Amino acid sequence: MHPTGIPMDTGFFMVRGSDIPMEVHVITDQRHTWEQIRKVARQAGPYVDRFHLRLKNRTAREIWSWGKRLLEEGWLTRDQLVVNDRIDVAFSLGCQGVHLPEKGLPLSAVKPLASGLRVGRSVHSLEEALRSERMGADYILFGHVYHSASKSGIPPRGCAELARIVRAVRIPVIAVGGITVENMVEVAETGCAGIAVISAVMDHPWPAEQARKLREIAQCFKETDGETPKSKGRRKRCKHRT
């Protein structure tokens, strides 16, 4: 149950292969101020599974301070809050997740220290996805799927490559990069375990409405536990199909 009183779904990290919806992740970046982050957490928090503090231009103390305020004010739970690239901050906040960038600390160094934490890693290729799985990642974040302003000049990797990675690994794959309400159905049909967005929620004037729509689409799709989308009947009717 979210602090606002809206029921929350259990995360896919608890039981693999269960009939549960895809996850919705929201990620901040260095452009976002405390006021923006607080507003989005307050409005969209009830509809998202994970909220990533990804603040490359902030000190550890600032990240800790902002995370602490979000938790104390009740806009996020410790299970929702994920800290990017700072295992020390994640531990000090008592949150349940830490996410490593592809060029961050190696999983082999983090996993022995990360008891009780879900450790995810960003990847941009099949090779990195397989390596991360072997090294013990609890999930991977793959992208960018579509054109993204944060990856200007780098060609998107597309849904075909996303589906290839979903089939190749047994850990959850979260898709990221240019995902919106309008194209999320296409992404979901690859069989991925969830989606992550930045601008689609963080920069939208009505973040709660966008997060709610993403959640509704996620409800249409279930995990495949490594099976192909068609074999699990994922191509079901969804009112958001475009």
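So, Asp-85: you'll find that residue in the loop between β3, residues 81-84, and α3, residues 87-93. This is a predicted model, so keep that in mind throughout. What's odd about Asp-85? Its phi is positive, about 70 degrees, and Asp-85 is not a glycine. Most residues other than glycine have a negative phi, so that one is worth a look on your screen. As for exposure, Asp-85 has a relative accessible area of 31%, so we call that residue partly exposed.

Staying with that part of the chain, Arg-86 and Asp-88 form a salt bridge, and the closest N and O atoms are 2.7 Å apart. Buried or exposed, or somewhere in between, for Asp-88? In between: Asp-88 has a relative accessible area of 39%, which makes that residue partly exposed. Arg-86 is at 28% relative accessibility, so Arg-86 counts as partly exposed too.

Okay, the other backbone oddity. Between Gly-143 and His-144 there's a cis peptide bond, with omega at about 0 degrees. His-144 sits in the loop between β6 and α6, the helix at 158-168. Most peptide bonds are trans, so I'd flag that one alongside the phi.

Let me zoom out for a second. The protein has 9 helices and 8 strands. There are 242 residues, and 52% of them count as buried. Now take the contacts between residues at least 6 apart in sequence: 60% of those join residues at least 24 apart.

Right, helix packing. I've got two pairs to show you. Pair one is α1, residues 34-44, with α2, residues 60-72: the axes come within 11 Å and cross at roughly 30 degrees. The cut-off for roughly parallel is under 35 degrees, and α1 and α2 are therefore roughly parallel to each other. The crossing of α1 past α2 is right-handed. Who's touching whom? On the α1 side we have Trp-34, Ile-37, Arg-38 and Ala-41, and on the α2 side Trp-66, Arg-69 and Leu-70. Sort the residues of that contact by type and you get 5 nonpolar, 2 charged and no polar.

Pair two is α5 with α6. Here the axes are 10 Å apart and the packing angle is about 25 degrees. That angle makes α5 roughly parallel to α6. This crossing is right-handed as well. From α5, the contact uses Leu-126, Ala-129, Leu-130 and Glu-133, while α6 brings Glu-161, Arg-164, Ile-165 and Ala-168. By type, the contact of α5 with α6 comes out as 5 nonpolar, 3 charged and no polar.

While we're on α5, which spans residues 126-134, have a look at Ser-132 in that helix. Ser-132 has 0% relative accessibility, so that serine counts as buried. What is Ser-132 in contact with, leaving aside its neighbours within four places in sequence? Leu-107, Arg-121, Val-123, Ala-137 and Ile-140.

Back to charges. How many salt bridges does a search of the whole structure find? The count is 18. I've shown you Arg-86 with Asp-88, so here are some others.

Lys-111 and Asp-138 have side chains that meet in a salt bridge, 3.4 Å from N to O. That pair links distant parts of the chain, with the two residues 27 apart. Lys-111 is in the loop between α4 (107-110) and β5 (118-123), and Asp-138 is in the loop between α5 and β6 (139-142). Lys-111 has a relative accessible area of 28%, so Lys-111 is partly exposed. Asp-138, with 26%, is partly exposed too.

Then there's a pair inside a helix. Glu-209 and Arg-212 form a salt bridge with the closest N and O atoms 2.5 Å apart. Both residues lie in α9, residues 207-219, and they are 3 residues apart, about one turn of the helix. Glu-209 is at 31% relative accessibility, hence partly exposed, and Arg-212 is at 26%, so Arg-212 is partly exposed as well.

Last one: Glu-23, Arg-50, Asp-79 and Arg-118 are linked in a network of salt bridges. Pull those four up on the screen if you want to follow the network yourselves. That's me done.

Note on methods:
Residues numbered from 1 in each chain as written. Predicted model: local features only at pLDDT ≥ 70, side-chain atom pairs only at ≥ 80, totals over all residues. Heavy atoms only, no water. Axes fitted to C-alpha atoms, helices over the stretch in contact; angles between N-to-C directions. Helix = DSSP H or I, 4+ residues; strand = E, 2+ residues; numbered from the N terminus. Parallel < 35°, antiparallel > 145°, perpendicular 65-115°, else oblique. Left-handed = near helix turned anticlockwise from the far one by under 90°. Contact = heavy atoms within 4.5 Å. Nonpolar A, V, L, I, M, F, W, Y, C, P; charged D, E, K, R; others polar. Buried < 20%, exposed > 50% of the residue type's maximum accessible area, 1.4 Å probe, protein only.
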